[in-house]
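I opened this notebook to keep a record of what I looked up, entry by entry, so that I can follow my own steps later.

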Amino acid sequence: MNLVNKGTAYWQELDRQHHWHPFTDTQALNAKGARVITRSKGVYLWDSEGNRILDGMAGLWCVNLGYGRRELVDAATQQMLELPYYNNFFQTTTVPSTELAAAIAQVTPAGLDRVFFANSGSEAIDTAIRMVRTFWAVEGKPSKTWIISRKNSYHGSTIGGTSVGGQGAQRAQGGPILPDVALVDQPFWYGEGDGMTPEEFGLERARQIEDKILELGADKVAAVFGEPIQGAGGVIIPPSTYWPEVMRICRKYDVLLMADEVICGFGRTGNWFGSQTFGMEPDLMTMAKGLSSGYLPISAVAVGRRVGDSLIAKAGEFCHGFTYSGHPAAAAVALRNIEILKAEGIIDRVREDIGPYFQERLATLSGHPLVGKVEGMGLIAGISLVDSKSPKKFFEAPGKVGQICRDHCFNNGLVMRAVGARMVLAPPLVITRGEVDELVALAGKALDLTARDLGRL
Ligand code: PMP
C-alpha cells in the first residue's frame, strides 16, 4: 500500500482518537503517542522518523524468517489470485491447506499427524481445550474435565486462553473464566528454587502436578497444558528434570499432555518444536506464530493418534471450526515458510551455530551489576535484573525497572521486551553473527543507562 507520508504527529493523533491497543494502558500511551513502525528488512524495523531498530523480539516471537522475504509475499499473491478464499467445512478442501497439514505432520514428533487449523494461538488453545474434553467424553469418562496449567504461563487471551493461562491480572478481568482449571507453581529455578539444585527443583515442581491430580482425582483430570518454555511469562526455561517427570506423571494417571508450541515451534529452540528439545511426547500440540513467520495469521493443533483416532471414530461431527480455518493464502505462506526453513537449514543453524553464538555473547552481560542471571536456549533468552546479585535480591518494583530498561533499548535502536524485571529476547532465526554482536552491544548500553538511572553506576 502506498501510504502518503502524512507524518508522525498526524498518525499519532489518529491513533489516539480511534485505536485501542492490545495489552496496553491506553491512557498512558495516548499521553506520549505510539511509535509508528513503517517498514522492515531482515532483522530491522524503521519508524516514521527514519530511526532503525533491531528487532530482538521477531515481532511478537513470530517473524522467524525475518522481514522482507519475497518468496512468502509471492506465495500469498499467487494464491490470492488463484483462490483467495474457500472453506474446508462442507466436504471440500483446498490444495494449500491439505498440503500444509501434511507438511506439518512431517515435522511434528511421531504420531502427531492430524492437523486442525485455526487463525491464532488463542484459537488453537480453545480448540485444544474442546478436543481434550470431548475426547474423554467419547471415551466414556465425561468427568475428566479439569485442565492443569502453571502460574505465570500464557496461552492467549480468548476466554479459553485466559482461563488456562496463569496470568493473574488477565484472569482477573472479564470473568467468570472457565471452570475446571487448576494452576500449579512454575518451574522457575532462579526465581523460586533457593536451597535446591535445578534438578531437585524441577522434580519438586513437576510433582505439584501429581499432587494436584491426586487432590482432584485422576478420574477428573483431562490434561496438563504447558509451554515447553514459558515465553510471555519471561522465558522460563525449566530444569532438565521437569518435563520428563511431568510426562511420567501424565502417563501414570492417564492424563493427556498438551504442549503449547506457539512460541517454541518452528525452530526457536534449535529443533522444529520445543517438545523435541525437552524430550516431551505430547498427545497434542498447538502452534501459530512461526508457522507462517507471522506474515499471515494462521495456527493449528496437531493431534496424536490416540486422541485423533478416537475423536474421529467416535465423536461424529466435531462441532468446531472457524471461517478462516486453513485459509488458503495463509496456508500457502506457511507451506512456503516450512520449505524455506528446510531448504536453508535454518533450524540446524539455530541449534549448531547461531543459537550457541547468541547464548555465548549474551552470557558476557552476566558481569553487569544489574544482571542476576542470563538464561537461554537456541534463539530465546531471559535476563533477570536484580537489586543485588549476592545475596540475591529482586527489585521491589520490578515492572518499573524493566520498563526503564525497555525504553532505553527502544530509544537506542533495539526491541527487547520487559516482563517485570526480566528482559526477554527472541530475534528472527536468520540473525547473523554481526547482528548478534550489535544486539548484545545495544543491550549492554541499555543496561548501563538503566543502572545510571537507578544510581548504580
Ligand atoms: N500460546 C502461547 C505460548 C503464546 O505465546 C501466545 C501468544 N503470545 C498464545 C498462545 C496466543 O497466541 P495469539 O496471540 O496468536 O492468540
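**Entry 1: around the ligand.** I began with the shell around the ligand, and I found that helix α6 (residues 121–138) gives the most to it, with three residues. I keep in mind throughout that this is a predicted model. I then looked up the whole shell and noted that 16 residues surround the ligand, the closest being S120, G121, S122, G156 and V262. When I sorted the shell by class, I wrote down seven nonpolar, seven polar and two charged residues.

**Entry 2: the two domains.** Next I looked up how the chain is divided, and I recorded domain 1 (35–68 + 345–453) and domain 2 (71–343). The C-alpha centres of domain 1 and domain 2 lie 26 Å apart. For the contact between the domains I counted up both sides as they are given, with 27 residues from domain 1 and 24 residues from domain 2. On the side of domain 1 that touches domain 2, I found that α3 (58–61), α15 (346–363), β11 (371–377), β12 (380–385) and β15 (422–425) each supply at least two residues. Of these elements, α15 gives the most, with five residues. I also noted the make-up of this side of domain 1, which divides into 15 nonpolar, eight polar and four charged residues.

**Entry 3: a hairpin in domain 1.** Two of the strands on that side made me look further, and I saw that β11 and β12 form a hairpin with two residues between them. In the turn, G378 has a positive phi of about 55°. The two strands run antiparallel and are joined by six bridges, and I wrote down one of the partners, as V371 is matched by L385 in β12. I asked myself whether β11 is largely enclosed or open, and I concluded that it is largely enclosed by the rest of the structure, because five of its seven residues are buried.

**Entry 4: the nonpolar core.** I then turned to the largest nonpolar core, which has 134 residues, and I noted that M258 and A300 touch the most other members. Helix α14 (residues 328–343) contributes the largest share of this core, nine residues. The core draws at least three residues from each of domain 1 and domain 2. Since M258 stood out, I listed its contacts beyond its neighbours within four places in sequence: A128, V132, A223, V224, F225, P282, D283, L284 and M285.

**Entry 5: strands around M258.** L284 appears among those contacts, and I found that it is also the bridge partner of M258 in β9. Strand β8 (residues 256–260) pairs with β9 in the parallel sense over three bridges, whereas β9 and strand β10 (residues 299–303) pair in the antiparallel sense over four bridges. Across that second pairing, I recorded V303 in β10 as the bridge partner of L284. In a regular strand the side chains alternate between the two faces of the sheet. With that in mind I checked strand β9 (residues 284–287), and I saw that both faces are covered, with L284 and T286 buried on one side and M285 and M287 buried on the other.

**Entry 6: a separate sheet.** I also looked up an open sheet of four strands, in the order β1-β2-β3-β13, in which the pairing is mixed. Its edge strands are β1 (37–41) and β13 (414–415), each of which pairs on one side only. Within this sheet, strand β2 (residues 44–47) and strand β3 (residues 52–55) run antiparallel and are joined by three bridges, and Y44 stands opposite L54 in β3.

**Entry 7: one buried and one exposed residue.** To finish, I looked up two residues, starting with N152, which lies in the loop between β5 (146–150) and α7 (159–164). N152 counts as buried because it has 22 C-beta neighbours inside 10 Å. Apart from its neighbours within four places in sequence, N152 is in contact with G166, Q167, Q186, Q230, G233 and I236. L214, in contrast, is found in helix α10 (residues 198–216), and it counts as exposed because it has 12 C-beta neighbours inside 10 Å. I noted one long separation as well: the C-alpha atoms of L214 and A397 are separated by 37 Å, and these residues are 183 residues apart along the chain.

Definitions and conventions
Residues numbered from 1 in each chain as written. Predicted model: local features only at pLDDT ≥ 70, side-chain atom pairs only at ≥ 80, totals over all residues. Core = buried A, V, L, I, M, F, W, Y, C linked by C-beta atoms within 7 Å. Buried ≥ 20, exposed ≤ 12 C-beta atoms within 10 Å, placed from the backbone. Domains from an automatic or database assignment. Contact = placed C-beta atoms within 7 Å. Nonpolar A, V, L, I, M, F, W, Y, C, P; charged D, E, K, R; others polar. Near = placed C-beta within 6 Å. Pairing = 2+ DSSP bridges.
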